[in-house]
Amino acid sequence: MKKSFSFYPGPSQVHSELPEYFKDAYDKGILSINHRSDEFVKLCQKTIHLLKQKLNIPEDYTIMFASSATECWEIAAQSLVENGSFHFYNGAFGQKWMEYSHNITENSKGAKFDVEEKLSFDDVELGQEYDFIGLTQNETSNGTQLSMEQLKSCRLKFPDRLIGVDATSAMAGVETDYSLADFWYASVQKCFGLPAGMAVIVCSPKAIERAESLDIRGRYNSLPFMIDMIGDFQTTFTPNVINIYMLMRVLKNSEEIGEVDAKLEGRMNNWINFFENIDGIEPLVENSEVRSMTVLPLRAEEEMVERIKAISKEAGLVLGNGYGQWKQSTFRIANFPAMPEKGINLLKDFFVENFT
Ligand SMILES: *Cc1c(COP(=O)(O)O)cnc(C)c1O
């Protein structure tokens, strides 16, 4: 297989240093360490420390590891929702979270907002039966995002509810004020630039309190059980040790999140400007106030989308398919930190050569 660059928004292009990290892990015996051993405890502690430091996560928040973002939908529904959750969504991932919650807690509902709409909580009334609010920081399916200002207004409007945020395609890419919500999670195959099969959970003291007071312990991934284990820097199951190790190395090597965020914003603005000069291709989302900084879905005639996907693949450039209702009419470009400048330049050259 020829070397290619993947612009797929998950699983996505991984950091180019990974082969080196993997080899180090092999040489040091990390691939075979026991998850109850001292070596693992030290690795876990170090990784959590780096996550807090590099992503600006408050010191009193608790970080845990799970297997996927999908699993986190269920962890929240099982361990944090008392009577019901309410989900605001405008795309496939937010909707799926609501549906997964509903399977576990019947009184889990939601409200759909428009892709071009800037969600406001000003006129929203929520019954007291909804003790958990679910939001999606960056909707990977359609390339929209919630701003810190919007998350803050939700916090101020509903100070007594627990707020959960699916941060899968934002965490480690977007500068985030974690004090604005209680249960954040992301799988690592998006902005972290790592292989799939692990998720990071970030819990506020308020979420820990709720999990402990409900004290539901019926599952291997029931939060109270996970909280007990992470107190000793351990997990309830044999974790993805190689991914934790590579996460630690990637974090060690990464810039502060403010700098990463600024770089991605610059790159995204470049992409938007770039496509203004390509006839027949335009951003799916017109409203720049809600447009994502990490995922860019582009709209074109179906035949053109097909042609773009076919010939880009031949050129060693993998583009993301459209998602759900936009499957045929869009393609997506991930703007994640691990993509090297070289890949971006090759993709730009590709569009200039073939579509201008
Ligand atoms: C990719 C994605 C998921 C699903 O992640 P898995 O690791 O496959 O469970 C969930 N939510 C969002 C917003 C995503 O982008």
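This passage describes the ligand site, the two sheets, an aromatic pair and some unusual backbone geometry in a predicted model.

We can start with the ligand. Its shell is made up of Ser68, Ala69, Thr70, Trp73, Phe93, Asn138, Thr140, Asp166, Thr168, Ser187, Gln189 and Lys190. By residue class, this shell splits into seven polar, three nonpolar and two charged members. Helix H3, which spans residues 69-79, supplies the largest share of the shell, with three residues. Several contacts with oxygen atoms of the ligand can be picked out. In the side chain of Lys190, an N or O atom is 2.7 Å from a ligand oxygen, and for the side chain of Ser187 the corresponding distance is 2.8 Å. Ala69 takes part through its backbone instead, where an N or O atom lies 3.2 Å from an oxygen atom of the ligand. On its own the ligand has 390 Å² of accessible area, and the protein covers 86% of it.

Turning to the strands, seven of them build an open sheet with mixed pairing, and the order across this sheet is S2-S10-S9-S8-S5-S3-S4. Strands S2 (62-66) and S4 (109-112) are the edge strands; each has a single partner, so one side of each is left without a neighbour in the sheet. From one strand to the next, the twist averages 20°. Within this sheet, S3 (residues 85-89) runs parallel to S5 (residues 132-136), and three bridges join the two. In this pairing, Ser85 sits opposite Phe132 of S5.

Aromatic side chains offer another view of the fold, with 19 aromatic pairs in the structure. One of them joins Phe88 and Phe121 in an edge-to-face arrangement, with 5.2 Å between the ring centres and 85° between the planes. Phe88 belongs to strand S3, whereas Phe121 is in the loop between S4 and S5, so this pair ties together parts of the chain that are 33 residues apart in sequence.

A further open sheet has four strands, ordered S11-S12-S15-S14, and its pairing is antiparallel. Here the edges are taken by S11 (282-283) and S14 (320-321); each pairs with a single strand, so one side of each has no neighbour in the sheet. Strands S12 (residues 295-299) and S15 (residues 330-334) are joined in the antiparallel sense by five bridges. Leu296 faces Ile333 of S15 across this pairing.

Finally, the backbone has two details that a careful reader may like to inspect. Most peptide bonds are trans, and most residues other than glycine have a negative phi. The peptide bond from Gly10 to Pro11, however, is cis, with omega near -10°. Pro11 is placed in the loop between strand S1 (5-6) and helix H1 (18-27). Asn56, although not a glycine, has a positive phi of about 60°. Asn56 is located in the loop that connects helix H2 (38-55) and S2, and S2 is itself an edge strand of the seven-stranded sheet.

Definitions and conventions. Residues are numbered from 1 along each chain as its sequence is written. This is a predicted model: local features need pLDDT of at least 70, side-chain atom pairs count only at pLDDT 80 or more; totals for chains, interfaces and linings use all residues. Side-chain values use heavy atoms; hydrogens and water are left out. A residue is near a molecule or strand if one of its heavy atoms lies within 4 Å of it. A polar contact is a pair of N or O atoms within 3.5 Å; within protein, one must be able to donate a hydrogen and the other to accept it, and residues adjacent in sequence count only if both atoms are side-chain atoms. Accessible areas come from the Shrake-Rupley method with a 1.4 Å probe; for residues, only the protein chains shown count as cover. Ala, Val, Leu, Ile, Met, Phe, Trp, Tyr, Cys and Pro count as nonpolar, Asp, Glu, Lys and Arg as charged, and the others, Gly among them, as polar. Two strands pair if DSSP finds at least two bridges between them. Axes are lines fitted to C-alpha atoms, for helices over the stretch in contact, and angles run from 0 to 180 degrees between N-to-C directions. Rings of Phe, Tyr and Trp (its six-membered ring) pair if their centres lie within 6.5 Å; planes under 30 degrees apart count as stacked, over 60 as edge-to-face and the rest as tilted.
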